[in-house]
Amino acid sequence: MRKKFIAGNWKMNTSRADGTALAAAIAAKVGQSTDVEVAVCPPALYLEAVGKAISGSTVGLGAQNCYHEAKGAFTGEISPPMLVDIGCKYVIVGHSERRAILKESNHDVNRKLLAALSARLLPIVCVGETLDERKAGRTTAVVREQMEGSLAGLTAEQMAQVVIAYEPVWAIGTGVVATPEQAEEVHADLRKLLETRYNPQLASSVRIQYGGSVNADNAAILLSQPNIDGALVGGASLKAEGFLAIVAAAKAAS
Ligand code: PGA
């Protein structure tokens with residue numbers, strides 16, 4: 001049984017005060033519940049404050065990015081051990097905004113992923129096609145290539161610690177959500193890829209989140225698909241009520 005996993009990716013939003021209030025409201029509702037795995041990923045600067053706001057609850061703390069080295073002369077970067085030190089359990093790597101705007105390659109994502117794993121962070125690895133790629137019928141090829149490149153060199157033992165997030169670029173922040181069928185088709189294919197790369201047992205245990213305009217209204221139908229194991233939520237994670245409704249939908253679909 002794969003436990004549903006709902007993570008809020010706050011991106012470059014909230015103030016310190018807004019972020020801690022949002023986290024506290026989520027933690028108050030989630031409490032000690034373990035039915036659904038829940039995480040919040042605030043801006044790096046607010047990780048410590050948000051970590052305090054969720055302490056005592058089962059809500060986990062996640063970072064939105066990390067560097068691939070543990071320490072050294074890398075001005076402005078933040079390492080996986082530093083994220084662990086501040087209380088992080090998760091880190092998002094390879095988000096499409098970083099791939100597109102900051103030109104992160106699959107190789108960069110792979111190095112971050114390996115560094116995160118050696119620091120014992122649980123990585124959420126994002127993959128997803130653009131609208132042009134989908135229109136050209138290249139969705140499967142593009143997403144598989146991102147998977148192969150990002151997961152290069154990972155042992156089965158390491159892969160067991162990883163969560164995949166399928167986030168079609170055209171659905172992110174647009175309000176245009178993938179249909180449950182579109183999402184399920186890619187999720188099923190990604191699981192097939194994991195089966196070939198590793199083994200059926202591992203493939204059936206890896207969680208694959210969907211991301212891209214998930215909200216309180218569409219969460220239930222997406223989360224009821226057989227291969228959709230959770231959601232990486234952007235815009236709708238910035239309001240406690242909306243985010244908690246997605247968590248409730250995940251519980252209902254479990
Ligand atoms: P969105 O973002 O929910 O605002 O579409 C999702 C994401 O980028 O992780």
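**Exercise 1. Polar contacts of the ligand**

Which atom of the ligand does a polar side-chain atom of His 95 approach, and at what distance?

Solution. In this predicted model, a polar side-chain atom of His 95 is found 2.6 Å from an oxygen atom of the ligand. Next, take Glu 167: one of its polar side-chain atoms also lies 2.6 Å from a ligand oxygen atom. Then take Gly 173, where a backbone N or O atom lies 2.6 Å from an oxygen atom of the ligand. The cut-off for a polar contact is a pair of N or O atoms within 3.5 Å. The last step concerns the ligand surface: taken alone, the ligand exposes 280 Å², and the protein buries 95% of that area.

**Exercise 2. The shell around the ligand**

State how many residues surround the ligand and how they divide into nonpolar, polar and charged.

Solution. The count of residues surrounding the ligand is 13. The closest are Lys 11, His 95, Glu 167, Gly 173 and Ser 213. By class, the shell holds four nonpolar, seven polar and two charged residues.

**Exercise 3. The loop between β1 and α1**

Find the phi values of Lys 11 and Thr 14, and place both residues in the chain.

Solution. Begin with Lys 11, one of the closest residues to the ligand. Lys 11 is not a glycine, yet its phi is positive, at about 55 degrees. Lys 11 sits in the loop that runs between β1 (5–9) and α1. Continue with Thr 14: this residue, also not a glycine, has a positive phi of about 80 degrees. Thr 14 is likewise placed in the loop between β1 and α1.

**Exercise 4. Helix α1 against helix α2**

Classify the crossing of α1 and α2 by angle and by hand.

Solution. Two packed helices are described by the angle between their axes and by the distance between those axes. For helix α1 (residues 16–30) and helix α2 (residues 47–54), the axes come within 8 Å and cross at roughly 25 degrees. Angles under 35 degrees count as roughly parallel, so α1 is roughly parallel to α2. The hand of the α1 and α2 crossing is right-handed.

**Exercise 5. Helix α7 and its two partners**

At what angle does α7 cross α5, and at what angle does α7 cross α9?

Solution. Helix α5 (residues 106–118) and helix α7 (residues 139–150) have axes that come within 8 Å and cross at roughly 45 degrees. The two helices, α5 and α7, are therefore oblique to each other. Their crossing is right-handed. For α7 and helix α9 (residues 180–197), the axes come within 11 Å, and the crossing angle is roughly 45 degrees. This makes α7 oblique to α9. The crossing of α7 and α9 is right-handed.

How values were computed: Residues numbered from 1 in each chain as written. Predicted model: local features only at pLDDT ≥ 70, side-chain atom pairs only at ≥ 80, totals over all residues. Heavy atoms only, no water. Near = heavy atom within 4 Å. Polar contact = N/O pair within 3.5 Å; in protein donor to acceptor, adjacent residues only side chain to side chain. Areas by Shrake-Rupley, 256 points an atom, 1.4 Å probe, with all protein chains shown as cover. Nonpolar A, V, L, I, M, F, W, Y, C, P; charged D, E, K, R; others polar. Axes fitted to C-alpha atoms, helices over the stretch in contact; angles between N-to-C directions. Helix = DSSP H or I, 4+ residues; strand = E, 2+ residues; numbered from the N terminus. Parallel < 35°, antiparallel > 145°, perpendicular 65-115°, else oblique. Left-handed = near helix turned anticlockwise from the far one by under 90°.
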